[in-house]
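Please look at the chain below before reading on. The paragraphs that follow are meant to be read alongside it.

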Amino acid sequence: MTTTVPPRGEAALERLLARAREIAETETARLLERTRGSARLYERARHILPFGVVSSFQKGSPYPIYVSRGAGSHIWDQDGQEYLDFHGGFGAMVVGHAHPRIVEAVREAASRGTHFAVTTEEAVEYGEEICRRFGLEMLRFANSGTEATMDAIRVARAATGRDVVCKIEGSYHGHHDAVMFSVIPNADVMGGRERPAKAPVSRGLVKDAHRYIEVVPFNDAEALERLFTERGPDIACLIMEPAMMNIGIVLPDLAYLRRVRELCTRHGVVFIYDEIKTGFTIAAGGAP
Ligand SMILES: Cc1ncc(COP(=O)(O)O)c(C=O)c1O
């Protein structure tokens, strides 16, 4: 058996970079050639939708690929090209696209009318099932993740009489002011590991919104304990995903989750699990 030792030094690096550029150029040319339908749709979309997409996360360079349909684990783009879908709508499409039983259930429900602004028996039945699976006493349905985390934070503030929200560095919890800090910050505004910076994600936030946020690193119970010891009486809640999904998937240390639970209880801080993504994907009843 022979092994190849990779070349070292400036010249080797230059060769690698040149090869990377070459691959990028070939692949970009192939992409542009194969996605002309997406390019055409982008020309229409960009006039009426920011970045030509319905959510800024979906923007693409030089343009986004538009999907026209899905079945099971496969999707097709505007040009009819087939892809294996490893994204699954952020995990929400856990049983695949257009599952026949779901299509039938939606069709049947829609045939009876879709919106009455009045509670239906189905809503009660569905709520009972969620409570059973997640071990909840009560629940309130929300239309989006943003709305859910906004309400959870408001309830925590009302229950504690405190204002400050603590979040994990690099986590995303929706686009309301309370949590629009430190969401994949650029390296130059990240701050240190000890005390990550409260880098705002957007303009248009209330000017002193940063006074009501604290940011801590994930999987670091000591950092959380230090913050709670310093500012505990001001902190209404800690919001976090049990497994971080905004910067790739970062699994929690189980001892960390237990310690966080203890620290929150000890300091009277409401512990909010944001399971917008992990909810039904980690397990039928969410994370432990
Ligand atoms: C963990 C988490 N919380 C909240 C949200 C916000 O959800 P929505 O886009 O439905 O407002 C997201 C969206 O990706 C999310 O990943």
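The explanation below moves from the whole chain to one of its sheets and then to the ligand.

The structure shown here is a predicted model. Its chain contains eight helices and seven strands. Along the principal axes, the C-alpha trace spans about 60 × 60 × 50 Å. Of the 288 residues in the chain, 19% are buried; a residue is counted in this way if 20 or more other C-beta atoms lie within 10 Å of its own. One may also ask how far apart in the sequence the contacting residues lie. Among the contacts in the chain with a separation of 6 or more, 60% are accounted for by residues 24 or more positions apart.

Attention may now turn to a sheet that can be traced strand by strand. This open sheet has three strands in the order E1-E2-E3, and the pairing is antiparallel. Strands E1 and E3 are its edges, since each of them pairs on one side only. On average, neighbouring strands of the sheet are turned by 30° against each other, with direction ignored. As a general point, the side chains in a regular strand alternate between the two faces of the sheet.

The path begins with strand E1, residues 67–71, which is joined by four bridges to strand E2, residues 74–77; the two run antiparallel. At one of these positions, Ala 71 has His 74 of E2 as its bridge partner. E1 and E2 form a hairpin with two residues between the strands, and Gly 72 adopts a positive phi near 60° there.

From E2 the path continues to strand E3, which comprises residues 82–84. These two strands also pair in the antiparallel sense, over three bridges. Here the bridge partner of Trp 76 is Glu 82 in E3. The hairpin formed by E2 and E3 has four residues between the strands, and in its turn Gly 80 shows a positive phi of about 80°.

The last stop is the ligand. Which residues surround the ligand? The surrounding residues are Phe 90, Ser 144, Gly 145, Thr 146, Thr 149, Tyr 172, His 173, Gly 174, Glu 241, Asp 274, Ile 276 and Lys 277. When this shell is sorted by class, three residues are nonpolar, six are polar and three are charged. Phe 90, Tyr 172 and Ile 276 belong to the nonpolar class, whereas Glu 241, Asp 274 and Lys 277 belong to the charged class.

Technical notes:
Residues are numbered from 1 along each chain as its sequence is written. This is a predicted model: local features need pLDDT of at least 70, side-chain atom pairs count only at pLDDT 80 or more; totals for chains, interfaces and linings use all residues. A residue is near a molecule or strand if its C-beta atom, placed from the backbone, lies within 6 Å of it. Two strands pair if DSSP finds at least two bridges between them. Axes are lines fitted to C-alpha atoms, for helices over the stretch in contact, and angles run from 0 to 180 degrees between N-to-C directions. A residue is buried if 20 or more other C-beta atoms lie within 10 Å of its own, exposed if 12 or fewer, and partly exposed in between; C-beta atoms are placed from the backbone. Two residues are in contact if their C-beta atoms, placed from the backbone, lie within 7 Å.
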